[in-house]
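Please work through the following exercises with the sequence and the model at hand. Each task is followed by a solution in steps.

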Amino acid sequence: MKIGSGLFSVVCLVIVVPSILLIYSINYETARDVDLWLTILACVIDVIAIVMWFWIYKRILVPLDKMRIATKKIADGNFDYELDERDFVEIPFLYNDFEKMRIKLKENEEEKILSENAARELVSNISHDLKTPLTAIRGYVEGILDGVASSPQKVRDYLTTIYNKTNDMTKLIDELLYYSRVSGNEFSYNFEKTNVKEFFDDYVKDLYLELDTIRINFSYSANVDADTVIDIDREQIKRALNNIVANAVKYMDKEDPEIHFRVKETMDAINIRISDNGRGIDEKDLPHIFERFYRSDASRNTKLGGSGIGLSIVKKVIENHEGSVVAISKSGVGTDIDIVLKK
């Protein structure tokens, strides 16, 4: 590996020059005093040695001392401490390796901080989302025990509410456990060759009935060849689609609510678009909606809340199918979720 032209030049001076002078002194038959030449040779070697030492000190030892200081800074956690590349002209490989290490350590530290923040956010979200139904459950139980529910019908109503709140908590915990498995690559996918049109036709039949019961207008179109087949985990794709639809239903605020489901085939992919005319997503929130545990200010300030995991599960499932998902939205108008699945 090259360490710079300067060191090469100095080595040449140390080896070649003394050799020439020595040869010249030995073959100089007319010289009256060989000792004079040997003295000159010794002086030249001393000068070269001094020059070489100065060069080594300036070009090697000083940069190494700077690197020692930088290493200590890194050890103390200062990953922004940078060396000057110009100080390492003769040993650039050392500088490059050090920078790679520093940048990698900085990225790891930033990722660690993000993970810690996400963990704190998760604890906060879970605490809030579990505390709300637990408070309600305790209140209704106390009502039954204290005799507030004075009739069998009222007791039944209280128990029904307790049952629903318990289901909400179970659903949240199941979602957290599922996300943990998927994000930790502990989940095994069951990929199968699947006829695209048949799969989506069957899926929207159930979806239509579900949305019809809550009076949401639903439309479906599929521009796909009858024999097109892709390799997917059917249940996990359904789960991702259900999360998108559930999110659209949760934030629907129009008197005439609509959800549109479109499937289109291209040369190398299947494009899916789920559109709604709900409240939409604020511009500042849009880049983050697929991040784990992210909740917009609007969702935080309403009883709809949620854990912020649903759409992150969508992203993880689609990415594990080597696909992509993006959101297009305008606040107050509605949202489009576009999914691309490669053939």
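The exercises below treat salt bridges, aromatic pairs and a charged surface patch.

This is a predicted model, in which local features need pLDDT of at least 70, side-chain atom pairs count only at pLDDT 80 or more, and totals for chains, interfaces and linings use all residues. Residues are numbered from 1 along each chain as its sequence is written, and side-chain values use heavy atoms, with hydrogens and water left out.

**Exercise 1.** Determine which parts of the chain are tied together by the salt bridge of E82 and R102.

Step 1. A salt bridge requires a side-chain nitrogen of Lys or Arg within 4 Å of a carboxyl oxygen of Asp or Glu. The side chains of E82 and R102 form such a bridge, at 4.0 Å from N to O.

Step 2. E82 lies in the loop between α2 (34-75) and α3 (92-145), whereas R102 lies in helix α3, so the pair ties together parts 20 residues apart in sequence. Helices (H or I, at least four residues) and strands (E, at least two) are DSSP runs, numbered from the N terminus.

Step 3. Buried means under 20% relative accessible area, exposed over 50%, and partly exposed in between (1.4 Å probe, protein chains only). E82 is exposed, with a relative accessible area of 53%, while R102, at 5%, counts as buried.

Step 4. E82, E99 and R102 are linked in a network of salt bridges.

**Exercise 2.** Classify the ring pair of Y203 and F261.

Step 1. Rings of Phe, Tyr and Trp (its six-membered ring) pair if their centres lie within 6.5 Å; planes under 30 degrees apart count as stacked, over 60 as edge-to-face and the rest as tilted. A search of the whole structure finds 7 aromatic pairs.

Step 2. The ring centres of Y203 and F261 are 5.9 Å apart and the planes stand at 45°, so the pair is tilted.

Step 3. Y203 belongs to helix α5 and F261 to strand β4 (residues 258-265), so the pair ties together parts 58 residues apart in sequence. Both Y203 and F261 are buried.

Step 4. One aromatic cluster is formed by F199, F200, Y203, Y220 and F261.

**Exercise 3.** Locate D206 and state whether D206 is buried or exposed.

Step 1. D206 lies in helix α5 (residues 196-213).

Step 2. With a relative accessible area of 55%, D206 is exposed.

Step 3. E198, D202, D206 and E210 form a negative surface patch. Patches are made of residues with over 30% relative accessible area and no salt bridge, like charges being joined within 9 Å and nonpolar side chains (Val, Leu, Ile, Met, Phe, Trp, Tyr) within 5 Å.

How values were computed:
Areas by Shrake-Rupley, 256 points an atom, 1.4 Å probe, with all protein chains shown as cover. Lys, Arg positive; Asp, Glu negative; His and termini not counted. Charge placed at Lys NZ, Arg CZ, Asp CG, Glu CD.
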